[in-house]
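Trainee: I should like to learn how to read the features of a model such as this one. Where would you have me begin?

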Amino acid sequence: MALSRFVKLLVIFLAVAFLWANTSLSQAKEKGPALQQLEGAAGKKIEDVKVPPPPKPTPVVVHTPTTPKKPATQPAKTHKK
C-alpha cells in the first residue's frame, strides 16, 4: 500500500516537472512584440548583445568642514517702556 502511494507521488512529481520544464522552455523561445521591435530597430538579436562587467566601486569622498559653524547671532532686543 505504501509502495503504490509512493509510485503515485513519483509519477505526479515527474509529470509536474516535465510540464514545468516544457512550459519554461517554450516561454524562453517566444519573444514578445516589444522585444521584436527593439531587435528590429537595433539590427541585433538580444542574444548578440554583450554586457560589460560592472566597474569596481569607488570610495565616496565626504567633505567635512574644518572649522565649526558659528551660531547665528541675533540682534539685541530693546524693550520699550
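Mentor: Begin with a definition: a salt bridge is a side-chain nitrogen of Lys or Arg within 4 Å of a carboxyl oxygen of Asp or Glu. Please keep in mind that this is a predicted model.

Trainee: How many salt bridges does a search of the whole structure find?

Mentor: The search finds 2 salt bridges. In one, Lys31 pairs with Glu39, and the closest N and O atoms are 2.9 Å apart. In the other, the side chain of Lys31 meets that of Glu47, at 3.3 Å from N to O. This second pair links distant parts of the chain, since Lys31 is in the loop between H1 and H2 while Glu47 is in the segment after H2, 16 residues apart. Through shared partners, the salt bridges join Lys31, Glu39 and Glu47 into one network.

Trainee: Is Glu39 buried or exposed?

Mentor: Buried means under 20% relative accessible area. Glu39 has a relative accessible area of 14%, and therefore counts as buried. Lys31, at 26%, is partly exposed.

Trainee: What is Glu39 in contact with, leaving aside its neighbours within four places in sequence?

Mentor: Glu39, which is found in helix H2, is in contact with Lys31, Lys44, Lys45, Ile46 and Glu47. A polar atom of the Glu39 side chain also lies 2.8 Å from the backbone nitrogen of Ile46.

Trainee: Why does helix H2 lie largely in the open?

Mentor: The count of buried residues is the guide. Helix H2 spans residues 33-42, and 1 of its 10 residues is buried, so the helix lies largely in the open. Just after H2, Gly43 takes a positive phi of about 75 degrees.

Trainee: How should one read the protein chain as a whole?

Mentor: One takes the secondary structure together with the accessibility. The protein chain has 2 helices and 0 strands. Buried residues make up 1% of its 81 residues. The chain exposes about 8,900 Å², of which carbon and sulfur atoms supply 67%.

Trainee: Which residues form a nonpolar patch on the surface?

Mentor: Consider first the general geometry. An α-helix has 3.6 residues a turn, so residues three or four places apart point the same way. In this structure, the patch is formed by Leu3, Phe6, Val7, Leu10, Val11, Phe13 and Leu14, which together have about 730 Å² of accessible area.

Trainee: Where is Phe13 placed, and is Phe13 buried or exposed?

Mentor: Phe13 belongs to helix H1, which covers residues 2-29. The cut-off for exposed is over 50% relative accessible area. Phe13 has a relative accessible area of 56%, and so Phe13 is exposed.

Key
Residues are numbered from 1 along each chain as its sequence is written. This is a predicted model: local features need pLDDT of at least 70, side-chain atom pairs count only at pLDDT 80 or more; totals for chains, interfaces and linings use all residues. Side-chain values use heavy atoms; hydrogens and water are left out. Patches are made of residues with over 30% relative accessible area and no salt bridge: like charges are joined within 9 Å, nonpolar side chains (Val, Leu, Ile, Met, Phe, Trp, Tyr) within 5 Å. Accessible areas come from the Shrake-Rupley method with a 1.4 Å probe; for residues, only the protein chains shown count as cover. Helices (H or I, at least four residues) and strands (E, at least two) are DSSP runs, numbered from the N terminus. Buried means under 20% relative accessible area, exposed over 50%, partly exposed in between (1.4 Å probe, protein chains only). A polar contact is a pair of N or O atoms within 3.5 Å; within protein, one must be able to donate a hydrogen and the other to accept it, and residues adjacent in sequence count only if both atoms are side-chain atoms. Contact means heavy atoms within 4.5 Å.
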